[in-house]
Amino acid sequence: MTDPGRAGLRRAPSRYLWFTLRFDRLSARALPRGRAAAVAGAAAAVGLVLAPFVLFTAVWALVVGVTRWPEDVLPSPSAVARAFGEVFAKGILTVYAGETIRRIVLAAVTGVAIGIAAGFVMGLNDWIAALLNPPLRFFQSLSGIAWLPLFLIWFGFSDKTIIVAVWYTLVFPVAFNTMLGVRTVPRLYRYAVLTLGGTWRQIVFQVLLPGAIPYIVGGVRLGIAYGWRALIAAEIVVGSGGLGYLIFKAETFHLTARIIAGMTAIGVLWYLTDYFLLRPLEEATIERWGLVYR
Amino acid sequence: MGTGLPVAAPRAERPAASRPRRIVGAAMALGRGAVSFGALFAVWYALTAHGWVRPMALASPAAVASVLVDGVRDRTLLGHLGVSLSRLVISMVVAGAAGIVLGVLVGISRHLALIVEPLAGFFNALSGIVWLPLAITWFGLTWKTVLFVIGNAIFFTVFFNTLVGVRGVPRLYEQAILTLGASRWRTLRDVLLPGALPGIVAGIRLGLGFGWRALIAAELVAVTQGLGFMIFSAANYLRTDIILAGILVIGGVAVAMDSLILVPIERATVVRWGLYH
């Protein structure tokens, strides 16, 4: 990671850091000499990323034009765009997307906190880790969706069922990665701090947490990726609002264009979250702690 | 790292212990597992045996065991299991092969990568269950819908892991064999494919995990056979014994796939050749 664009990175105001990182990365290919060149380079890079999507849409339009399949089998890109405009204008999209986002944020914030706490307990105490490891492995390999019928009986067709299913998928990767991260910090550091009269509080917050951060962030990213899929699946099955429900409901009315519009919304939402939030977060911590893998 | 996709991290090797120590270690691990699962079982038993929880909310271990035994005896459970497994195997063979082929192609061609990678990244974010409504419009409530959804989940996982595997092969090896006069095909066969094997095996392993999850989710909604259907239809009648039996089987299959099939494959190929880099 020695490209010239990185030099100014650390001085960037922290709340813009993720965005700066992202565009910085895009423009890095063009070796920016001046501001104009950097802007042109970024534009070219964005174009390079978008071009395949344009090509894909063109091929799709061509296929529809040639085969003339009925609209409820494969709608044209323009029909999907119209459906998108329609759900947006009626306010359905905003409400349902809002539901989905609210759920993932709620589940992610609480689930990550639980996972990190559990990971720390297991990372610090070998006995607890050894005891909890086998059942946790079993439950992890069992998807949250398999529990959905039971959650439905316990919590009904409600928000609670969905949130619990997302939690279930999200907590394990976070907990296991945190545990791994805590364990990678050499014990010597702990002993050193203790010998110097440090408290456990200091060890946790000033030694273990910083040391484990790259792993924790990796776990969070993986956990949210799993949780997002579980969320969509749970919304399809439970059916109380959200983008998953939107596309599943559209299927019963054969509104194929609306299904694809909803899928696009789901994909774009995830892509943006990953590209602008999770990945820069991971890269920033990995880079900061010198764990560059490339 | 850094691809943003479910790619397995390389594992550190432990130094080999002597035989008696290994046996003691294995026994200890088994003992710890027995303790923790035993505690879990005791809690479950206590909750149900004393009537603290109604059977409608949580069936007793005995009820679940009898569902399992009956299901095996009258073949219903075995039937659902067989249907689910065959769906997984078929989609693994088709989608896994496609993922490996495309992963290798994109790994060796920079031009192809420019087009395919952004698209694949987007569709990976969309993979699996999100396709269910569209798959239902295309294929109806049939096994084809389930195969499409599982295949979708498997394909992208295998594809990206293969890609990372191919890219992880140092260019120097490729150039060395080319300098020695090897053909492009020999580079592929003798350098790139073996070098990418850890990635490919990791992809198949993760893909089976993802595929199994997607399979259960798809079966909940789309079909009238299979383990997912079994537990979801049991929920309508509040039969928590059937649900829990199904959950145990689903989890058991996931664990068995990993420890009985994939770990030995890995040991026989990747680990033996010392290919973890």
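This is a short tour of a predicted model, going from the interface of chain A and chain B to a pair of helices in chain B.

Begin by selecting chain A and chain B together and displaying the surface that they share: the two chains bury about 4800 Å² between them, and 80% of that area lies on carbon and sulfur atoms. The contact draws 53 residues from chain A and 54 residues from chain B.

Next, keep to the side of chain A and pick out Ile153(A), Arg229(A) and Met263(A), the residues of chain A that lose the most area to chain B, together accounting for 13% of what that side buries. Colour the helices of chain A as well, since helix H2 (35-67), helix H5 (126-141), helix H6 (144-155), helix H9 (200-238), helix H10 (243-252) and helix H11 (256-288) each supply at least two residues of the side that touches chain B. Among these, H11(A) gives the most, with 13 residues. Colouring that side of chain A by residue class should then show 39 nonpolar, 7 polar and 7 charged residues.

Turn now to the polar links across the interface, where 5 residue pairs are in polar contact, both residues being at pLDDT 80 or more, while the count of salt bridges between chain A and chain B is 0.

Finally, select residues 61-73 and 76-108 of chain B, which form helix H2 and helix H3, whose axes come within 4 Å and cross at roughly 80°; H2(B) and H3(B) are therefore roughly perpendicular to each other. Show the side chains where Leu68(B), Gly71(B) and Val72(B) in H2(B) meet Thr76(B), Leu77(B) and Leu78(B) in H3(B), a contact whose residues divide into 4 nonpolar, 2 polar and no charged.

Note on methods. Residues are numbered from 1 along each chain as its sequence is written. Chains are lettered from A and ligands numbered from 1 in the order in which they are written. This is a predicted model: local features need pLDDT of at least 70, side-chain atom pairs count only at pLDDT 80 or more; totals for chains, interfaces and linings use all residues. Side-chain values use heavy atoms; hydrogens and water are left out. Axes are lines fitted to C-alpha atoms, for helices over the stretch in contact, and angles run from 0 to 180 degrees between N-to-C directions. Angles under 35 degrees count as roughly parallel, over 145 as roughly antiparallel, 65 to 115 as roughly perpendicular and the rest as oblique. Contact means heavy atoms within 4.5 Å. Ala, Val, Leu, Ile, Met, Phe, Trp, Tyr, Cys and Pro count as nonpolar, Asp, Glu, Lys and Arg as charged, and the others, Gly among them, as polar. Buried area is the accessible area (1.4 Å probe) that two parts lose on being put together, summed over both. A salt bridge is a side-chain nitrogen of Lys or Arg within 4 Å of a carboxyl oxygen of Asp or Glu. A polar contact is a pair of N or O atoms within 3.5 Å; within protein, one must be able to donate a hydrogen and the other to accept it, and residues adjacent in sequence count only if both atoms are side-chain atoms.
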